[in-house]
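Grab a pencil and open the viewer. Below are some exercises on reading a protein structure, each with a solution worked step by step.

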Amino acid sequence: MAQQHWPSYLTVMGTQPCRRETTTVEGTWVLAEPAKCSYADDVTAAVTCPPDRSRALSASVAAKRLKKLECELGRQEKSLKEAHALIALLMQARGLMLGGRGKLHPPEVRRRVLRIIDEAAAAGARLSIACRLIGLSVRTLQRWRKPDSASDGRPTACRRPANRLDEREKTRLQELLNCSAFKGLSPRQIVPRLADQGLYMASEATMYRLLRAGKRTSPDREGRTRKQANRGRSASGPNQIWSWDITCLKGSGQRKFYYLYLVMDVFSRRIMGWRIHTAESARSAAKLIREVCRDNKIDPTRIILHADNGRPMKGALMLNTLRRLGIVPSFIRPRISNDNAFIESLFRTLKSRFFYPAKGFSSLQAAKAWVASFVGWYNGAHLHSGLGYVSADDRYFGRDAALLERRARLYERARSERPTRWTRAARGWPQAESPAIPVRTGTFRGLVLRPCASPSPP
């Protein structure tokens, strides 16, 4: 191996090349490597070498040191300039809500972001750090700089779903929604009525969308069905639990009211009987209960009668009448306002109908005639959301199961005929669950409040 020549000043200062042995197949080779010289070694060499050579070496070391300091100063100045640029960027980006996958940014926001990013980059900020600081990626900024991507195309995109209604179907559906037969009904009521007639035209969501496009809303109050907690006694059939209450009907004169006494079956929500009087009294309430049991030909010994804690409900005459009939009275819990929720919901439906006289009833006979028409509509025509959109009579007489099964078959047939119109399974029409009510049985005024046995449906 040829001998390598090393600088003479290394020999002068006593520094020798280091040695490293490498073992190979042919034998052991000795490799020489130059020793690493530090700044102190250069100073030592400059002191020990001759004067001319020492001056040249000192100038070289000073030049290296100066160059290193100049580079460090340049980096510090660059970092300081970038920090000032980023601070200015944060001040200009105040109030901007950027970032988020799929977020829509208007064109004016995009132009503003591009301007402040360009200003920050010109002031010395790195593009990646500036984008990360305001919550955008560099790729998003690059896409915004393209002329065809200067504005978001989603607001102006024309999307036509493959399962949309054609113009003929849309026109027919709009005429159906505006016809007099469905006046005052929401799509939640219209869809099951069409299903009972063997027709499927569109979903509830499509009907609501057409109503919004025509700037029309349904005047009918249509609340969402809330799933109640199963607390208390459940009514698994009709004539197990009844609920009754009294509500005021406004008369024509000032401070003139009529009092509507009403009894409903909790299982089917059917109005079993009603009377209108000019005052509240336990005698009128007791007479109503006797007449309702007689008119419906019901054995009263299997009924729980639920009511609030009003004076007519707890009157001595009322309680004695219930004891003679064998009816078990039940009352709401103290300071609990929603223990008689079913009949309160019925009263709300009664007073929120669009044909309810807002100025009051002119006479007692007018009030009776109006309530009679409402009871006929409520029991036979009104579809209850809590019952799976069947009428109270269908639920009471056991016709709801067959009705819901026919609706389910209709929807399955409509889906098989036009599968492209459906993106998921056909709507199910399940039978409603048994309602529960917080029945309080015990002893009240010497009357034993016993639980009732489960009767069979009529």
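Keep in mind that this is a predicted model.

**Exercise 1. Get an overview: how many helices and strands does the protein chain have, and what share of its residues is buried?**

Step 1: Start with the secondary structure. The chain comes to 15 helices and eleven strands.

Step 2: Now look at burial. Of the 458 residues, 39% are buried.

Step 3: Check how the contacts spread along the sequence. Take contacts between residues at least 6 apart in sequence: 64% of them join residues at least 24 apart.

Step 4: Finish with the surface. The protein chain exposes about 27,900 Å², and carbon and sulfur atoms supply 52% of that area.

**Exercise 2. Work out which residues of helix α15 are buried, and where they sit around the axis.**

Step 1: Find the helix. α15 covers residues 400-417, which is 18 residues, and it reaches 26 Å from its first C-alpha to its last. That is close to the 26 Å expected at 1.5 Å a residue.

Step 2: List the buried residues. They are Asp400, Leu403, Leu404, Arg407, Leu410, Tyr411 and Ala414.

Step 3: Look down the axis. These residues cover an arc of only 115 degrees, which puts them on the same side of α15. Here's the rule behind that kind of pattern: an α-helix has 3.6 residues a turn, so residues three or four places apart point the same way.

Step 4: Turn to the other face. Pointing away from the buried side are the exposed residues Ser416 and Glu417.

Step 5: See what the buried side packs against. Its partners are α8 (187-196) and α14.

**Exercise 3. Follow the chain from strand β7 to strand β8: which helix does it pass through, and what is the hand of the crossover?**

Step 1: Check the faces of β7. Ile304 and His306 are buried on one side, Leu305 and Ala307 on the other, so both faces are covered. In a regular strand the side chains alternate between the two faces of the sheet.

Step 2: Find the neighbours of β7. Strand β4 (residues 241-250) runs parallel to β7 and is joined to it by three bridges; in one pairing, Leu305 is the bridge partner of Trp242. β7 also runs parallel to strand β8 (residues 328-331), with four bridges between them. There, His306 stands opposite Ser330.

Step 3: Trace the connection. The chain goes from β7 through α11 to β8, and this β-α-β crossover is right-handed.

Step 4: Take a look at the helix on the way. Met318, Leu319, Thr321 and Leu322 are buried in α11 (residues 316-325). Their arc around the axis is only 160 degrees, which puts them on the same side of α11. After the helix comes Gly326, with a positive phi near 85 degrees.

**Exercise 4. Place strand β5 among its neighbours, then zoom in on Leu262.**

Step 1: Judge how enclosed the strand is. Eight of the nine residues of β5 (residues 257-265) are buried, so the strand is largely enclosed by the rest of the structure.

Step 2: Look at the pairing with β4. The two strands are antiparallel and share nine bridges, and Trp244 stands opposite Val263. Their hairpin has six residues between the strands, and Arg255 takes a positive phi near 55 degrees there.

Step 3: Do the same for β6 (residues 271-277). It is joined to β5 by six bridges, again antiparallel, with Met264 opposite Ile271. This hairpin has five residues between the strands, and in it Arg269 has a positive phi near 65 degrees.

Step 4: Zoom in. Leu262 belongs to β5, and its relative accessibility of 0% makes it count as buried. Leaving aside neighbours within four places in sequence, its contacts include Trp244, Ile271, Leu288 and Phe347. Leu288 is 26 residues away along the chain, yet the two C-alpha atoms are separated by 8.6 Å.

**Exercise 5. Lys297 and Tyr389 both have a positive phi; is each one buried or exposed?**

Step 1: Take Lys297. Its phi is near 55 degrees, and it lies in the loop between α10 (282-295) and β7.

Step 2: Apply the cut-off: exposed means over 50% relative accessible area. At 77%, Lys297 counts as exposed.

Step 3: Take Tyr389. Its phi is near 60 degrees, and its loop runs between α13 (364-380) and α14 (392-396).

Step 4: Apply the other cut-off: buried means under 20%. At 8%, Tyr389 counts as buried.

Key. Residues numbered from 1 in each chain as written. Predicted model: local features only at pLDDT ≥ 70, side-chain atom pairs only at ≥ 80, totals over all residues. Heavy atoms only, no water. Buried < 20%, exposed > 50% of the residue type's maximum accessible area, 1.4 Å probe, protein only. Contact = heavy atoms within 4.5 Å. Areas by Shrake-Rupley, 256 points an atom, 1.4 Å probe, with all protein chains shown as cover. Arc of directions from axis to C-beta. Expected span 1.5 Å × (residues − 1). Pairing = 2+ DSSP bridges. Right-handed = clockwise from strand over helix to strand, strands pointing away.
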